[in-house]
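Here are some worked exercises to try with the model open in your viewer. Have a go at each task before you read its solution.

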Amino acid sequence: MAGGNERSMKALREVWRRAENSLCADCGKPDPDWASSTLGVFICLSCSGIHRNIPSISKVKSLKMDHWDDAQVQFLAKHGNAVTKATYEAHIPIYYYQPTYHDCQVLREQWIRAKYERKEFTEPGKQLPYSDGVKEGILWKRGRDSGQFLPRKFLLSEREGCLKYFTKQDAKEPKINIKIDVINATFQPKKIGNPNGLQITYLKDNKTRNIFVYHESGKEVVDWFNAIRSVQFHYLKVAFPIASDNEIKNRLTRNFLKEGYMEKTGPKQREAFKKRWFTLDHRRLMYFKDPLDAFAKGEVFVGSGENGYSVQKGLPSGTQGNFSWHYGITIVTPDREYLFTCETETDQLDWIAAFTSVINQAMTPQEYASKCLDAVSFPS
């Protein structure tokens, strides 16, 4: 902390040490060492960069390197994260996705702009662009076969309980009509190759179908994301009238537990291991030849430990299939064993941790029903 007299420095440290200021006000990252001198919030380095892009609202300074005068320190002391949140986060809709420091840039930026720039959550009952129960517009969608992104009209309707997209602006019939209760949406900027890339998945004949879209506007794509969550929330409120709001909130869109490359072998465990892209979506482990494939080549249900599922480090002795990666994983199910290899030990341990987190959870009645429907397993 450079400059300033000892009295100001001591006062600043005291405010900084308050429990309410121990996490970034915007993403929850521990030990924030920046603050906004105009909003009075303590934030992390990454969020400070977003604040810096809205200078009309927020002026940020380092708590360690910049000088804070008495008036600025007093402003921080009067506000801080708790007081400021009480104003700017007073009326957040239950379905609105509040990102953490693990989330991508576009989600965090639009969350910060929604709070401080657009003041979307300061008044009760405020009309929001994702709360109407209907949303229509153009998204750039990746072609399933061509791989080319083309503009497509999308329509989200709470009344109809579905998401549709049309290949032409004036088309009367949609190309696909997706029931809202089978949709998931997750941001995938790296995989899609666009900072605003959104992956929409849904179940079709109990198989997962992927749609990859983006919009040039970060606000627009995040509005679509929260509009989907809004429609899902109200649909589930009707479908499960005795469930609490928090129970329903936890059933809205979800991030994948783990994605990445592994090698796999076939059911006979004598075939050569092949490199594939894997996605663990709660109890569904899917593999794809390419990360942007529309359909998985295979899926397997990952149940709970009390139902005979387990994950083991390494491969069974005598495994015959040729493999180039040497950090093995064995998934044991009541029916068979699935063998994988990872490129690094870090990948191996991360995958094992992800599988363990699923296996340690008791299965719900819905998951039992899903398992009965899941006749799909990994082909060779």
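## Exercise 1: Following a bridge

Lys141 has Val213 as its bridge partner in β10. This is a predicted model, and every value below was computed from it.

**Task.** Find which residue is the bridge partner of Lys141 in β5, and place β4 between its two partner strands.

*Step 1.* Start with β10. Strand β4 covers residues 134-142 and strand β10 covers residues 207-214; the two run antiparallel and are joined by 2 bridges. Beside the pair Lys141 and Val213, Trp140 has Tyr214 in β10 as its bridge partner.

*Step 2.* Now turn to β5, residues 149-157, which pairs with β4 in the antiparallel sense over 9 bridges. Here the partner of Lys141 is Leu150.

*Step 3.* Look at the hairpin of β4 and β5. There are 6 residues between the strands, and Gly147 takes a positive phi near 75°.

## Exercise 2: The sheet around β4

**Task.** Write down the strand order of the sheet that holds β4, then explain why β7 and β8 each have one side without a neighbour.

*Step 1.* The order is β7-β6-β5-β4-β10-β9-β8, an open sheet of 7 strands with antiparallel pairing.

*Step 2.* β7 (176-179) and β8 (183-187) are at the edges with a single partner strand each, so one side of each has no neighbour in the sheet.

*Step 3.* From one strand to the next, the twist averages 35°.

## Exercise 3: A second open sheet

**Task.** Which strands are the edge strands of the sheet that contains β11 and β17?

*Step 1.* Read the order: β14-β13-β12-β11-β17-β16-β15, again an open sheet of 7 strands with antiparallel pairing.

*Step 2.* The edge strands are β14 (298-301) and β15 (310-313), each pairing on one side only.

*Step 3.* Neighbouring strands in this sheet are turned by 35° against each other on average, direction ignored.

*Step 4.* Check one edge. Strand β13 (residues 284-288) and β14 run antiparallel, joined by 4 bridges, and Tyr287 stands opposite Gly298 in β14.

## Exercise 4: Domains and the record

**Task.** Set the domain assignment beside the features in the UniProt record.

*Step 1.* The assignment gives domain 1 (1-117), domain 2 (134-250) and domain 3 (258-376). The centres of domain 1 and domain 3, taken over C-alpha atoms, are separated by 42 Å.

*Step 2.* The unreviewed UniProt entry places "domain: Arf-GAP" at residues 6-129. That span is 40% helix and 6% strand, with its end C-alpha atoms 48 Å apart.

*Step 3.* The unreviewed entry also places "domain: PH" at residues 132-233 and 255-360. Residues 132-233 are 20% helix and 46% strand, with 13 Å between the end C-alpha atoms. For residues 255-360 the values are 14% helix and 38% strand, and the end C-alpha atoms lie 19 Å apart.

## Exercise 5: A pocket

**Task.** Which elements give two or more residues to the lining of the second largest pocket?

*Step 1.* Begin with the volume of the second largest pocket, about 490 Å³.

*Step 2.* The lining has 22 residues, and the closest to the pocket centre are Phe187, Gln188, Pro189, Lys190 and Glu259.

*Step 3.* The elements asked for are β8, α6 (189-192) and β11 (258-264). Of these, β8 is an edge strand of the sheet in Exercise 2, while β11 belongs to the sheet in Exercise 3.

*Step 4.* Finish with the character of the lining: 10 nonpolar, 6 polar and 6 charged residues.

Definitions and conventions:
Residues numbered from 1 in each chain as written. Predicted model: local features only at pLDDT ≥ 70, side-chain atom pairs only at ≥ 80, totals over all residues. Heavy atoms only, no water. UniProt positions renumbered as here; feature names shortened; annotations may be inferred. Pairing = 2+ DSSP bridges. Axes fitted to C-alpha atoms, helices over the stretch in contact; angles between N-to-C directions. Domains from an automatic or database assignment. 1 Å grid on protein atoms, 1.4 Å probe; cavity = no way out; pocket = protein on both sides within 12 Å on 5 of 7 lines; lining within 4 Å. Points joined across faces, edges and corners; volume = space filled by probe spheres on them. Nonpolar A, V, L, I, M, F, W, Y, C, P; charged D, E, K, R; others polar.
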